[in-house]
Amino acid sequence: MKGYNFAYLDEQTKRMIRRGLLKAVAIPGHQMPLPYGWGTGGIQVTASILGADDVLKVIDQGADDTTNAVSIRRFFAGTAGVATTTATSEATVIQTRHRIPERQLREDQIIVYQVPQPEPLFRLEPSRVETKRMHGLADYGLMHVKLYEDIARFGQVSISYDYPVMVNHRYLMSPSPIPAFDNPKMDMMPALQLFGAGREKRIYAIPPWTRVKSLDFDDHPFRTINAPHPCGLCGATDSYLDEVVIDNRGSRLFVCSDTDHCAERRAAGHVGAQGFQEAAE
Amino acid sequence: MTEPTLLSGRGLNLNFGELSALANVDVDLWPGEILAIVGESGSGKTTLLNVLSGRTAPDSGMVWYRDPSGHLHDVHAMPAPSLRTLHRSDWGFVHQDPRQNLRMGVSAGGNVGERLMAQGVRHYGAIRSAALDWLAQVEIDENRIDDLPRTFSGGMLQRLQIARTLVTHPRLVFMDEPTGGLDVSVQARLLDLIRSLVTRLNIAVVLVTHDIAVARLLAHRIAVMQRGRIVETGLTDQVLDDPRHPYTQLLVSSVLNA
């Protein structure tokens, strides 16, 4: 920790980001400006909210053991000296990219999302001035035009990740590139949800117990999509699965993308079809 | 006429630097009426249309709109969200260039359905059938519903723009040279279509055109503009058959067989 301020960023910067976060929590789903230049959004937010007693978990694509997750965890262990964990239940702050843990989060936890593109309308309306006006007037017909086009062309909404949501019946929001499978977890979540987009200079938030609704049509209701298999290792049928090619003959293994969830289940004695093989080898 | 007006402009003035684009202009429009604003280019027709529709603020003067419940609204004092809502529901705008209004990367059906979705319609089947219905009304083949507008001809694009505008049954539509840039036979069919649609749906129209023939075919009343002023106004036949102002006489006499 020598030579660094606590959690790396200086106190002025952290204070400024916290001020942005407080405003963001006060207006659920509304995008706040965030100055550019202190690293990726997720890390800035985590650095600003970490306290000495916090226990940090970092996941990337659901896994605790990927390069990004390991590096960020090690970074904060080194610069803030906070305890780290891979167990969802033990963490007080969870920084994530692309997933929400399977285990239901609690009121005493905060989840921090890394966001590459905070503007849900950016592919549809090229002008930022115009999208700001659309948010200001809650004029979101265009987003439904995109859903309409999907149904007309493919018979269903083809957005599988970063599926747009309405927050608190007011702001259209990008949930970050989590699978649509995770969208329902955001609705009335007991934990505070913070979003940081460093490159795009935006912060936004969802306070605990806030309505988050995935956009849909009355006659084409929102539904989640998942691989129609149980997890090969732990046998879970209700978790989001990754497809892994395991040999040169194209054999596939479907496993929980949430590694902690899978490990926890296996420790509790659940075994999937391929889990036996693994044990036997 | 004793019926209250739908839209009224009083004492409208607007200068662009030295140039007087609008000079003390008064306009009245009654429900279901088609008013043509004619004049040569640079006479202030389009500026007047923009001021009446709230898109450009005048230097002085007022524009009043009466909503369906009879309340009067000062168009230029309205909060931006209300004006936008008005433009998306009660009002419509048809541009000379349909590409300005259409979304060229969105299918014909999506273009027609957008205003419905902006109004909060959330039933895909209902939006789809409204789009099919409107494509039929503007004589676009139903099996083109999922095609992109860029595969459409100029006349089809203009008809698609009209369907997109009328799908929410507006009470008032502003049209800026809707037949400009189309060849004569396409123009004639389009004029026919516009006339039958606005008559059937009882839509009031403010129509800007430099083409006296278009005004004669469509409009109930005509206002003739010259250098920012309305120099003559009256019933279409009256103005065109018996023009009083020298400028109107010049305009009318310059059109063959008019």
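**Exercise 1.** Determine how E8(A) and strand E9 of chain A run relative to each other, and how many bridges join them.

*Solution.* The model is predicted. Step 1: E9 of chain A spans residues 202–206, and 5 bridges join this strand to E8(A). Step 2: the two strands run antiparallel. Step 3: one opposed pair is A:Phe195 and A:Tyr204, the latter in E9(A). Step 4: E8(A) and E9(A) form a hairpin, with 4 residues between them. In that turn, A:Lys201 has a positive phi of about 60°.

**Exercise 2.** Identify the strand that pairs with E8(A) in the parallel sense, and give a bridge partner.

*Solution.* Step 1: the parallel partner is strand E5 of chain A, residues 110–114, with 5 bridges. Step 2: A:Gln114 has A:Gly196 of E8(A) as its bridge partner.

**Exercise 3.** Decide whether strand E8 of chain A is enclosed or open to the outside, and check each face.

*Solution.* Step 1: a residue counts as buried under 20% relative accessible area. Step 2: in E8 of chain A (residues 192–197), 6 of the 6 residues are buried, so this strand is largely enclosed by the rest of the structure. Step 3: in a regular strand, side chains alternate between the two faces of the sheet. Step 4: one side of E8(A) carries A:Leu192, A:Leu194 and A:Gly196, the other A:Gln193, A:Phe195 and A:Ala197; all are buried, and both faces are covered.

**Exercise 4.** Work out the strand order of the open sheet in chain B and what packs on it.

*Solution.* Step 1: the sheet has 6 strands in the order E6-E7-E8-E3-E9-E10, with mixed pairing. Step 2: the edge strands, each pairing on one side only, are E6 (91–94) and E10 (229–235) of chain B. The twist averages 15° from one strand to the next. Step 3: E3 (residues 34–38) and E8 (residues 204–209) of chain B run parallel and are joined by 5 bridges; B:Val38 stands opposite B:Thr209 of E8(B). Step 4: helix H9 of chain B, residues 246–253, packs on the sheet and touches E3, E9 and E10, its direction making about 110° with that of E9(B).

**Exercise 5.** Place B:Ser107 in its chain and describe its surroundings.

*Solution.* Step 1: B:Ser107 lies in the loop between E6 and helix H3 (108–118) of chain B. Step 2: its relative accessibility is 3%, so B:Ser107 counts as buried. Step 3: residues that B:Ser107 touches include A:Tyr148, B:Asp146 and B:Leu148. Step 4: the side chains of B:Ser107 and A:Glu149 make a polar contact at 2.4 Å.

Technical notes: Residues are numbered from 1 along each chain as its sequence is written. Chains are lettered from A and ligands numbered from 1 in the order in which they are written. This is a predicted model: local features need pLDDT of at least 70, side-chain atom pairs count only at pLDDT 80 or more; totals for chains, interfaces and linings use all residues. Side-chain values use heavy atoms; hydrogens and water are left out. Two strands pair if DSSP finds at least two bridges between them. Axes are lines fitted to C-alpha atoms, for helices over the stretch in contact, and angles run from 0 to 180 degrees between N-to-C directions. Contact means heavy atoms within 4.5 Å. Buried means under 20% relative accessible area, exposed over 50%, partly exposed in between (1.4 Å probe, protein chains only). A polar contact is a pair of N or O atoms within 3.5 Å; within protein, one must be able to donate a hydrogen and the other to accept it, and residues adjacent in sequence count only if both atoms are side-chain atoms.
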